[in-house]
Amino acid sequence: MLLHCNASCCTSTFSLVSSSLRRQDHSEDSQNTVIRRRHNARSLSLFTRHNQNLKQNKNLNESPETFVPPRHDDDDRSKLLELSLVTRRTPQFPGSIYAQSASDPDIASSLPSLRNFLDEGESEREMIAKALEIRRRVTKEIIKESLVRKGRFGITYATNVTDRLGEFVDHVMIEAAALKRLPEFSESRFNIRARTVIEDSNFVPLVRWLKYHEFSYNRIGKIICMSKGNLDSIRIMIEWLKTIHVKGEFIGVAFLRSGDNILQRSREELDEIVDYLESNGVRRDWMGYVVGRCPELLSFSLEEAKTRVDFFLQMGMNQKDFGTMVFDYPKILGFFSFEEMDKKISYLKEFGLSTEEVGRLLAFKPHLMGCSIEERWKPLVKYFYYLGISKEGMKRILVVKPILYCIDLEKTIAPKVRFFQDMGIPNEAIGNMLVKFPSLLTNSLYKKIRPVVIFLLTRAGVSQKDIGKVIAMDPALLGCSIGTKLEPNMRYYVSLGIRVHQLGEMIADFPMLLRYNVDILRPKYSYLRRTMIRPLQDLIEFPRFFSYSLERRIIPRHTTMVENRVNFKLRFMLACTDEEFERRVRDKVERRERFEAGLDSEDSQLLDDTISDEEINSSDSQEVEEE
């Protein structure tokens, strides 16, 4: 072990001595030889030749009489003009034509005379225009630099914003030139003066604030140009819009669509308009929604606002109806001219509506005012005439479902009518369907109408020849939900023992059978089977039994029949008026008494089993339906 330790110590000592000797030798070599970084041969030759050309050009500039400038195109001249107006030293690269040496005080000293690059025939006005354009580009670069350095914006965002600040760029350029008259800026460069104007206007914080409020750079540029240099008015106006509950992107919409003078109006004038609208039914918390969607209100004077409000109040509207109308469709108050509104109201009166009825119609559906007479209303009226709808029918459609006069004819109404025609329904029946149930045209063809028709054919037992009849008799069936209305009703009837094909015949006879509430059907069926002790076949033959009131018609008439010991079929029992039912009961009692006395034959008992269709139809008009 001792020998091993001694050997290892000797080895380590030797290695330390040898390493120290190598470091000493290396330091001595480094002192003797100095290694300098050199260009490669190609770059060095180009650099040497370029310096020789610079010296020759400098000697030529000292004697302008002997210098003949080369011919340059428009791009070269514009670049030279721009370089002459930029006072900062531009980065150079090997091979640059106009290089700036270390001895030059600025870049202009390394350039030839500016007039040598201008055409002799070029006027002074054109020279000034070119110089202004170059100065405008320099100003845009200064604004972009301020956004990037002080605002911490990305270069792409800063470029997009700057490209949309045309009028503000001119404002900065003019104000920077005006600062030259002040003693403290008399010797300063243009760049310094432009940066001073930008900082004093709080431009960068305003852009940051507008971006925080979800303004796009397009709107930022337009709003800043609208301010005409008074950027503080933008912040004041936005704060006022927030007080009336204008939110989000609609703040920018209110700026851009409220007119160029919105920033020049005082808050007192705007508050007067808002207070007047609030006094006529437009609630304060609705005001932001109304102004955000109809900013033209802010460009009106108080007198014009009063005139527009009185235009609708004179049609019989109260303040509550007026407020809800403006909230439903804010454009109706400030988007249309008086001439256009008068023309549309006169056209609506041609349907037979009075002024008060038109007022109620607009309060219910103000979107009518936004429809064109030539493009919407007249083609629709011609189409309704083609379907055999009378003027009174059109009036009913307008009053019940005015939205039909606002939707597209070719894309929404015509495909549904063609679908009904393909089912075999004639045009007159289609017209009656639309008058009876105008909401039919607002249902989706592929999500509502077709699925209901398929359900009736495949699940409810309606035959192909009866489907058109069912739809024509009860078009409201197409508006029912399959899952919550039609399917539960169909299962209930099947659970009573009615076969599917029998159910289809019952629906063809009385389509409303599928629209009743099951909770209303159960007590009627229970009374029929348990109290009246009638067979199920009576119900299959007369499905309209479910349309009559249990308390007001079925029970009283059944009680009368029991008291007088007479019996009628369900059709003769229910499908008649009270006077007709009492007459039938008396005739039945008299015939029974004569029969018991032996005065009449048994065949006279069967006379009560005949009833005309006119009597059934007249009685059906007085029936009480429950859903």
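## Helix crossings, rings and turns in an all-helical model

Helix α10 passes helix α11 in a right-handed crossing. The model in which this crossing is found is a predicted one, and the values below are computed from it.

The two helices of this crossing, α10 (residues 232–243) and α11 (residues 250–257), have axes that come within 11 Å and cross at roughly 120 degrees. Since angles of 65 to 115 degrees count as roughly perpendicular and those over 145 as roughly antiparallel, α10 and α11 are therefore described as oblique to each other. On the side of α10 the contact is made by I234, M237, I238, L241 and K242, while α11 contributes I251, A254 and F255. Sorted by class, the residues in this contact comprise seven nonpolar and one charged, with no polar residue among them.

The protein chain as a whole holds 32 helices and zero strands. Of its 627 residues, 41% are buried. When contacts between residues at least 6 apart in sequence are considered, 71% of them join residues that are at least 24 apart.

Aromatic rings supply some of the links within the chain, and the structure holds 21 aromatic pairs. One of these is formed by Y347 and W377, whose ring centres lie 5.7 Å apart, with 20 degrees between the planes, and this pair is stacked. Because Y347 lies in helix α17 (residues 338–349) and W377 in helix α19 (residues 373–386), the pair ties together parts of the chain that are 30 residues apart in sequence. Both partners are on the buried side of the cut-off: Y347 has a relative accessible area of 12%, and W377 has a relative accessibility of 1%. Ring pairs also extend beyond these two residues, linking Y347, F351, W377, F384 and Y405 into a cluster.

Helix α25 (residues 482–495) offers another view of buried packing, with L486, E487, N489, M490, Y492 and Y493 buried in this helix. The buried residues of α25 pack against three other helices, namely α23 (445–458), α26 (500–509) and α27 (518–531). Just after α25 comes G497, a residue that takes a positive phi of about 105 degrees.

A positive phi is also found at two residues that are not glycines, R152 and I533. Most residues other than glycine have a negative phi. The table sets out the place, angle and accessibility of these two residues.

| Residue | Place | Phi | Relative accessibility |
|---|---|---|---|
| R152 | loop between α4 and α5 (155–162) | about 60 degrees | 70%, exposed |
| I533 | loop between α27 and α28 (536–541) | about 55 degrees | 65%, exposed |

The loop that holds R152 follows helix α4, and one residue of that helix can be set beside it. S146 has its place in helix α4 (residues 124–149), and with a relative accessibility of 8% this residue counts as buried, whereas R152 counts as exposed. Leaving aside residues up to four places away in sequence, S146 touches G151, I198 and V204.

Key: Residues are numbered from 1 along each chain as its sequence is written. This is a predicted model: local features need pLDDT of at least 70, side-chain atom pairs count only at pLDDT 80 or more; totals for chains, interfaces and linings use all residues. Side-chain values use heavy atoms; hydrogens and water are left out. Helices (H or I, at least four residues) and strands (E, at least two) are DSSP runs, numbered from the N terminus. Buried means under 20% relative accessible area, exposed over 50%, partly exposed in between (1.4 Å probe, protein chains only). Contact means heavy atoms within 4.5 Å. Axes are lines fitted to C-alpha atoms, for helices over the stretch in contact, and angles run from 0 to 180 degrees between N-to-C directions. Angles under 35 degrees count as roughly parallel, over 145 as roughly antiparallel, 65 to 115 as roughly perpendicular and the rest as oblique. A crossing is left-handed if the near helix is turned anticlockwise from the far one by less than a right angle, and right-handed if clockwise. Ala, Val, Leu, Ile, Met, Phe, Trp, Tyr, Cys and Pro count as nonpolar, Asp, Glu, Lys and Arg as charged, and the others, Gly among them, as polar. Rings of Phe, Tyr and Trp (its six-membered ring) pair if their centres lie within 6.5 Å; planes under 30 degrees apart count as stacked, over 60 as edge-to-face and the rest as tilted.
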